[in-house]
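Biologist: I'm new to this one. Can you put it up and walk me through it?

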Amino acid sequence: MNHPAPLPDLHQAELDQATLEQLFQDVSAHTELLEVIPKFAASAYVPDIPSITLAEGRDLLLGGEVRALQLRYRHDDIIWWDTLMPTPNQTFRIVRIRHDFPME
């Protein structure tokens, strides 16, 4: 019987704006940034610009101009994907996944 590989753990939290700002500073200073991907609609990424700068992503997220923002980065030889989403109560939801599974 062929069993699928186990899914990686997801970590979720709610961040206030100060903590979100610290996250952007930490990603900028302590990681190798791979991609910043904005998501404007429920089912589509930006068609013409697949990746933007970290500063552009921050501004879009804080300005309420994106549905979500995904940061992909390497820290200590591990690839992480953080998806950030604004919430109705002026905070930001983060979903973090350790990306140690093959991409196909």
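Modeller: One term before we start: a polar contact is a pair of N or O atoms within 3.5 Å, and within protein one must be able to donate a hydrogen and the other to accept it. Keep in mind that this is a predicted model.

Biologist: Fine. Which side chain shares a polar contact with Arg-72?

Modeller: That of Gln-70, at 2.6 Å.

Biologist: Where does Arg-72 lie?

Modeller: In strand β4, which covers residues 68–75.

Biologist: Is Arg-72 buried or exposed?

Modeller: Arg-72 is buried, because its relative accessibility is 14% and the cut-off for buried is under 20%.

Biologist: What is Arg-72 in contact with, leaving aside neighbours within four places in sequence?

Modeller: Two tryptophans, Trp-80 and Trp-81, are on the list. The others are Leu-33, Leu-34, Glu-35 and Ile-37.

Biologist: New topic, helix α1. How many residues does α1 have?

Modeller: Helix α1 has 14, running from 17 to 30. From first C-alpha to last it reaches 20 Å, close to the expected 20 Å.

Biologist: Which residues of α1 are buried?

Modeller: Leu-20, Glu-21, Leu-23, Phe-24 and Val-27. They sit on the same side of α1, because their arc around the axis is only 155°.

Biologist: And what is exposed on the other side of α1?

Modeller: Ala-18, Ala-29 and His-30 are exposed there.

Biologist: What do the buried residues of α1 pack against?

Modeller: One helix, α2, and the strands β1, β2, β4, β5 and β6.

Biologist: Let's do the core. Which residues touch the most other members of the largest nonpolar core?

Modeller: That core has 19 residues. Leu-20, Leu-23, Phe-24, Leu-61, Leu-69, Leu-71 and Leu-84 touch the most other members. Two or more residues each come from α1, α2, β4, β5 and β6. The largest share, four residues, is from α1.

Biologist: Back to Leu-23. What does Leu-23 touch, not counting residues up to four places away in sequence?

Modeller: Leu-15, Asp-82, Leu-84, Ile-94 and Arg-96.

Biologist: Now the strands. How many bridges join β1 to β6?

Modeller: Six, and the two strands run antiparallel. Within β6, Ile-94 stands opposite Ala-13.

Biologist: How many bridges pair β5 and β6?

Modeller: Seven, again in the antiparallel sense. Pro-86 has Phe-92 in β6 as its bridge partner.

Biologist: What about the hairpin of β5 and β6? Which residue there takes a positive phi?

Modeller: Gln-90, with phi near 65°. Five residues lie between the strands of that hairpin.

Note on methods: Residues are numbered from 1 along each chain as its sequence is written. This is a predicted model: local features need pLDDT of at least 70, side-chain atom pairs count only at pLDDT 80 or more; totals for chains, interfaces and linings use all residues. Side-chain values use heavy atoms; hydrogens and water are left out. Buried means under 20% relative accessible area, exposed over 50%, partly exposed in between (1.4 Å probe, protein chains only). Contact means heavy atoms within 4.5 Å. The expected span of a helix is 1.5 Å times one less than its number of residues. The arc is that of the directions from the helix axis to the C-beta atoms. A nonpolar core is a set of buried Ala, Val, Leu, Ile, Met, Phe, Trp, Tyr and Cys residues joined through side-chain atoms within 4.5 Å. Two strands pair if DSSP finds at least two bridges between them.
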